[in-house]
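Let's take a walk through this protein together. Have the model open in your viewer and turn it as you read.

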Amino acid sequence: MNDIDAMRRLAAANPVPSPLPPGSSQAQFCLRTVLAQPVPRKSRRRAHRLIPAAAALVLIAAGGAFVTITRRAPTPPPRATVVAPPAVLAGAADRAGQPSGKGQFLHVRGTSARVMHIDDAGGYNLIRVDDVRGMQPADGRPGEGWLIIGDEGSSVRPVTDRDAASWRRDGSPGPGKQPDTVSPNLADDPEFDGDVASLPDAAEVPVADREGWLFRECTRLLDVFTNTLSGADRATLFRTLAGLHGIRTLDAATDPAGRPATGLAYTGETPRYGLVDWQIYLLAGTDQIGFSQAVVRRPGPANATLAPGTVQYSLAVLDTRRSQTP
């Protein structure tokens with residue numbers, strides 16, 4: 001094979017816009033460099049790889065650039081790190097005991113949503129969503145707080161298509177005059193209204209589901225809309241939760257509002273609402289319950305028309321700020 005034939009083969013393997021003249025000194029150098037490399041007889045694959053290598057030398061000699069594109073597998077999305085509930089709650093207790101920010105009053109803004117059953121037009125279910133605003137003296141200070149529900153907006157929407165048809169037949173009524181509440185007592189629990197230090201342990205609770213009562217009461221007392229507690233009291237409640245059985249960690253790495261959070265849940269039977277999954281979401285790096293909800297696992301007499309998996313009620317804390325004024 002003469003020099004001209006060799007250069008034509010190189011050009012055919014990887015043609016370039018301006019091929020080197022066969023007789024130039026650059027072409028002769030590239031040709032000698034390529035042809036001088038030994039080709040093992042036992043490996044045909046390596047011989048095939050010499051062709052792109054030779055073409056690369058021709059491009060370099062001509063002042064071009066040979067770019068190799070390496071395809072990499074897409075990076076998988078981050079997975080939620082599941083931590084045991086006692087560790088999550090103990091961490092929240094530690095953060096609750098740390099000094100809080102400045103300001104004597106805590107202002108809170110959020111939304112509540114709950115399913116209402118309407119008997120008219122054959123019966124149907126609506127989800128009522130209310131704006132919620134509240135203020136409480138911060139860090140367990142004495143004083144009165146306030147809570148406003150629906151003042152800045154309320155809305156309703158049917159739960160299912162069948163509910164929507166009945167709702168339209170009923171004239172598509174709005175929120176109506178349903179009782180205002182941010183956390184309905186679905187389990188008909190006797191509420192604890194004493195000092196957190198005197199909260200009974202599981203053996204002293206006067207209900208059948210003792211662990212469930214403590215889970216619901218502790219999370220209710222930690223609600224920033226309606227309660228004002230010192231950091232020490234909040235830490236006590238989180239330590240009580242850490243000692244309960246039956247709490248599990250949820251797999252999601254965010255709360256239903258999409259914020260980084262750790263979810264915890266307790267499933268318990270109720271007299272009227274069937275089997276309910278009580279869920280709370282601790283916002284990442286805080287001792288604040290940013291989202292809570294009750295999910296129906298098996299309906300009871302009061303919600304027999306709901307499908308399993310329906311959220312019976314939810315409460316979202318969207319903003320908190322401290323102020324020197326109520």
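How do the residues of the lining of the largest pocket divide into nonpolar, polar and charged? The split is nine nonpolar, 12 polar and five charged. Keep in mind as you look that this is a predicted model.

Let's stay with that pocket for a moment. The largest pocket has a volume of about 480 Å³, and 26 residues line it. If you want to find its centre, look for S100, D139, R234, D287 and R322, which lie nearest to it. Several elements contribute to the wall: α4 (85–96), β2 (124–137), α7 (231–242) and β8 (311–323) each supply at least two residues of the lining.

One of those central residues deserves a second look. D139 sits in the loop between β2 and β3 (146–158). Its phi is near 60°, a positive value in a residue other than glycine. D139 counts as partly exposed, because its relative accessibility is 29% and that class runs between 20% and 50%. There's another case of positive phi at S172, with a value of about 50° although S172 is not a glycine. You'll find S172 in the loop between α5 (161–169) and α6. At 33% relative accessibility, S172 counts as partly exposed too.

Now zoom out to the whole chain. The protein chain has seven helices and eight strands. Of its 326 residues, 39% count as buried. The accessible surface comes to about 18,700 Å², and 53% of that belongs to carbon and sulfur atoms. What about contacts between residues at least 6 apart in sequence? Of these, how many join residues at least 24 apart? The share is 58%.

Next, go inside. The count comes to one cavity of 30 Å³ or more, and about 370 Å³ of space lies in it. Of the 25 residues that line this cavity, the closest to its centre are S183, R216, T219, R220 and Y313. Which helix or strand gives the most to the lining of the cavity? That's α6, with five residues. α6, β6, β7 and β8 each supply at least two residues of the lining. By type, the lining of the cavity divides into 13 nonpolar, six polar and six charged residues.

Some of these elements turn up again when you look at the aromatic rings. The count comes to two aromatic pairs. F215 and Y266 form a stacked pair, 5.9 Å centre to centre with 25° between the planes. F215 lies in helix α6 (residues 210–221) and Y266 in strand β5 (residues 261–270), so this pair ties together parts that are 51 residues apart in sequence. Both F215 and Y266 are buried. Y281 and F291 make an edge-to-face pair, 6.2 Å centre to centre with 85° between the planes. Here the link runs from Y281 in strand β6 (residues 274–283) to F291 in strand β7 (residues 289–298), 10 residues apart. Y281 is buried, and so is F291.

F291 leads us on to a neighbour. L315, in strand β8, is in contact with F291, along with T111, S112, V182, D223, F225, G290 and S292, leaving aside its neighbours within four places in sequence. Is L315 buried or exposed? L315 is buried, because its relative accessible area is 5% and the cut-off is under 20%. Another residue to bring into view is I280: its C-alpha atom is 9.6 Å from that of L315, although the two are 35 residues apart along the chain.

Finally, follow the contact from L315 to S112. S112 has its place in strand β1 (residues 105–118), and S112 is buried as well, with a relative accessible area of 5%. Leaving aside its neighbours within four places in sequence, S112 is in contact with R128, V129, D130, V132, T181, V182, S314 and L315. V182 is worth picking out in your viewer, since V182 appears among the contacts of L315 and also among those of S112.

How values were computed. Residues numbered from 1 in each chain as written. Predicted model: local features only at pLDDT ≥ 70, side-chain atom pairs only at ≥ 80, totals over all residues. Heavy atoms only, no water. 1 Å grid on protein atoms, 1.4 Å probe; cavity = no way out; pocket = protein on both sides within 12 Å on 5 of 7 lines; lining within 4 Å. Points joined across faces, edges and corners; volume = space filled by probe spheres on them. Helix = DSSP H or I, 4+ residues; strand = E, 2+ residues; numbered from the N terminus. Nonpolar A, V, L, I, M, F, W, Y, C, P; charged D, E, K, R; others polar. Phe/Tyr/Trp six-rings, centres within 6.5 Å; stacked < 30°, edge-to-face > 60°. Buried < 20%, exposed > 50% of the residue type's maximum accessible area, 1.4 Å probe, protein only. Contact = heavy atoms within 4.5 Å. Areas by Shrake-Rupley, 256 points an atom, 1.4 Å probe, with all protein chains shown as cover.
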